[in-house]
Amino acid sequence: MSEAPSRPDFDRVMVPCYAPSDFVPVRGEGARVWDQSGREFIDFGGGIAVTSLGHAHPALVAALTEQAGKLWHVSNVYTNEPALRLAERLVQHTFAERVFFANSGAEANEAALKLARRVAFDRFGEDKYEILSFEGSFHGRTFFTVSVGGQAKYSSGFGPRPEGIRHLKYNDLASVAAAISKKTCAVIVEPVIGEGGVIPATPEFLQGLRELTRANDALLIFDEVQSGVGRTGKLYGYELYGVVPDILTSAKGLGGGIPIGAMLTAEQYAKHFSVGVHGTTFGGNPLACAVADKVIEIVSNPEVLAGVTRRADAMAARLNAIAQETGAFKELRNRGLWFGWQLKPEHAGRAKDVLATAAKEGLMLLVAGPDVVRMSPSLVISEADMNDGLERLARAVKSAL
Ligand SMILES: *Cc1c(COP(=O)(O)O)cnc(C)c1O
């Protein structure tokens with residue numbers, strides 16, 4: 001292949017489980033991205049809340065290239081300095097005492113769910129295995145995590161699902177109180193539902209889950225794969241609520257674009273993953289950990305977190321003004337730089353039209369289901385880029401709807 005590959009090649013050589021946009025990004029810098037033809041875009045998607053510090057952040061490029069010249073992989077037969085530094089940093093800045101590294105959000109959740117089952121098995125025997133989860137939630141695409149996730153369409157058509165999983169209504173504590181029992185080993189919840197539309201939990205809900213899980217010897221798992229690493233204006237979303245989970249999972253923004261996942265927990269649970277009980281070849285590799293360590297160093301800085309909230313407030317104000325001007329939106333939901341913009345019922349199903357029109361205006365957006373436009377820009381986006389993006393967004397909404 002001498003010429004650059006292009007979008008039609010996707011349909012020829014790739015498994016068709018995605019439907020990518022018709023342009024191919026080739027380069028990024030901060031909140032801007034360029035495609036093959038040199039067209040420039042403002043990136044309000046952030047690679048689905050992954051490029052937490054924008055594209056090609058100089059400190060991350062430096063961390064990556066420095067580590068790239070030293071050591072990429074040694075396997076878990078050995079430990080390595082970047083993994084230990086990152087774990088130390090996560091322990092220092094969160095409730096956690098122990099960290100397990102994986103390569104994605106699904107793998108972090110797989111580890112969390114297996115740990116919860118193992119703790120219950122070791123402590124209470126084989127009948128305590130039930131997992132409570134919530135409708136509309138998303139926990140990844142491995143068969144266990146997709147079955148725990150609350151969107152049946154993603155887990156049907158693959159044969160029998162793993163047993164002992166129940167889905168309840170989000171933010172409905174009474175249904176949890178009715179369903180939870182001594183057979184429950186874990187409740188897994190997104191403190192703010194991401195893929196399902198950027199829907200925050202109520203404080204009473206998370207507080208209630210904390211009490212109910214404690215009373216039933218079940219573990220409380222917060223899936224912070226999307227809400228973590230500064231997205232909400234706190235390092236992790238649980239800090240917004242003052243509710244501390246037993247296990248927390250992190251991925252997406254953790255690597256700023258390098259694949260990495262992490263499961264954080266307390267020592268009393270971690271010890272149930274004794275030697276040989278769980279593992280992964282790539283989890284905790286020096287390359288990914290060196291980059292993630294730099295991400296956490298930057299994002300845990302209180303000034304950076306305050307900057308997220310400041311940017312979020314400015315962006316929300318302008319989005320609300322656009323909603324007023326166009327009359328197209330029912331509601332703007334956000335926690336920090338993470339927005340779910342719900343279309344009015346008369347525009348049902350048209351979030352993807354807004355996304356397509358935005359691309360024509362030079363703006364990258366996300367959707368969360370058919371009726372919600374989602375945005376998760378760089379946590380350090382400049383004021384100029386944000387304003388530029390918002391102007392493009394206003395034009396796109398006006399021409400799409
Ligand atoms: C994206 C996401 C996952 C899955 O992460 P992958 O890295 O795609 O496996 C899990 N949970 C939540 C809340 C997510 O947003």
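## Exercises on a predicted model

Ala49 is buried, with a relative accessible area of 3%. The exercises below concern a predicted model, and they begin with the helix to which Ala49 belongs.

**Exercise 1.** Determine which helix holds Ala49 and Ile48, and work out whether each residue is buried or exposed to some degree, and what sign its phi has.

*Solution.* Start with the placement: Ile48 lies in helix 2, which runs over residues 46-49, and Ala49 is found in helix 2 as well. Next, take the accessible areas, for which the cut-off for a buried residue is under 20%. Ala49, at 3%, is therefore buried, whereas Ile48, with a relative accessible area of 34%, is partly exposed. Finally, consider the backbone: phi of Ile48 is near 65°, a positive value in a residue other than glycine, and Ala49 has a positive phi of about 60° although it is not a glycine either. As background to this step, most residues other than glycine have a negative phi.

**Exercise 2.** Locate Thr249 and Gly257, compare their burial, and describe what surrounds Thr249 and how far Gly257 lies from His272.

*Solution.* Thr249 belongs to strand 11, residues 247-250, while Gly257 sits in the loop between strand 11 and strand 12, the latter covering 261-265. With a relative accessible area of 0%, Thr249 is buried; Gly257, by contrast, counts as partly exposed at 44% relative accessibility. Once its neighbours within four places in sequence are left aside, Thr249 is in contact with a set of residues that includes Ala108, Asn109 and Ala112, then Phe222, Asp223, Glu224 and Val225, and also Ala262 and Met263. For Gly257, the last step is a pair of separations: Gly257 and His272 are 15 residues apart in sequence, and their C-alpha atoms are 31 Å apart in space.

**Exercise 3.** Find the helix that contains Asp293, decide whether Asp293 is buried or exposed, and name the residues it touches.

*Solution.* Asp293 has its place in helix 12, which spans residues 286-299. Its relative accessible area is 10%, and so Asp293 is classed as buried. Not counting residues up to four places away in sequence, Asp293 touches Arg85, Leu86 and Arg89.

**Exercise 4.** Describe how the chain is divided into domains, and state how many residues each domain brings to the contact.

*Solution.* The domain assignment gives domain 1 as 7-57 together with 302-400, and domain 2 as 71-299. To the contact, domain 1 supplies 25 residues and domain 2 supplies 24 residues. The C-alpha centres of domain 1 and domain 2 lie 27 Å apart.

**Exercise 5.** Assess the overall form of the protein chain from its radius of gyration, its burial, its contacts and its charges.

*Solution.* Begin with the elements, of which the protein chain has 15 helices and 17 strands. For 401 residues, a compact globule would have a radius of gyration near 21 Å, and the protein chain agrees with this because its own value is 21 Å. Along the principal axes, its C-alpha atoms fill a box of roughly 60 × 55 × 45 Å. Of the 401 residues, 53% count as buried, and the accessible surface comes to about 17800 Å², with 54% of it belonging to carbon and sulfur atoms. Among contacts between residues at least 6 apart in sequence, 70% join residues at least 24 apart. Last come the charges, where 42 positive and 45 negative side chains form two sets whose centres lie 2 Å apart.

Notes:
Residues numbered from 1 in each chain as written. Predicted model: local features only at pLDDT ≥ 70, side-chain atom pairs only at ≥ 80, totals over all residues. Heavy atoms only, no water. Helix = DSSP H or I, 4+ residues; strand = E, 2+ residues; numbered from the N terminus. Rg over C-alpha atoms; globule rule 2.2 N^0.38 Å. Buried < 20%, exposed > 50% of the residue type's maximum accessible area, 1.4 Å probe, protein only. Contact = heavy atoms within 4.5 Å. Areas by Shrake-Rupley, 256 points an atom, 1.4 Å probe, with all protein chains shown as cover. Lys, Arg positive; Asp, Glu negative; His and termini not counted. Charge placed at Lys NZ, Arg CZ, Asp CG, Glu CD. Domains from an automatic or database assignment.
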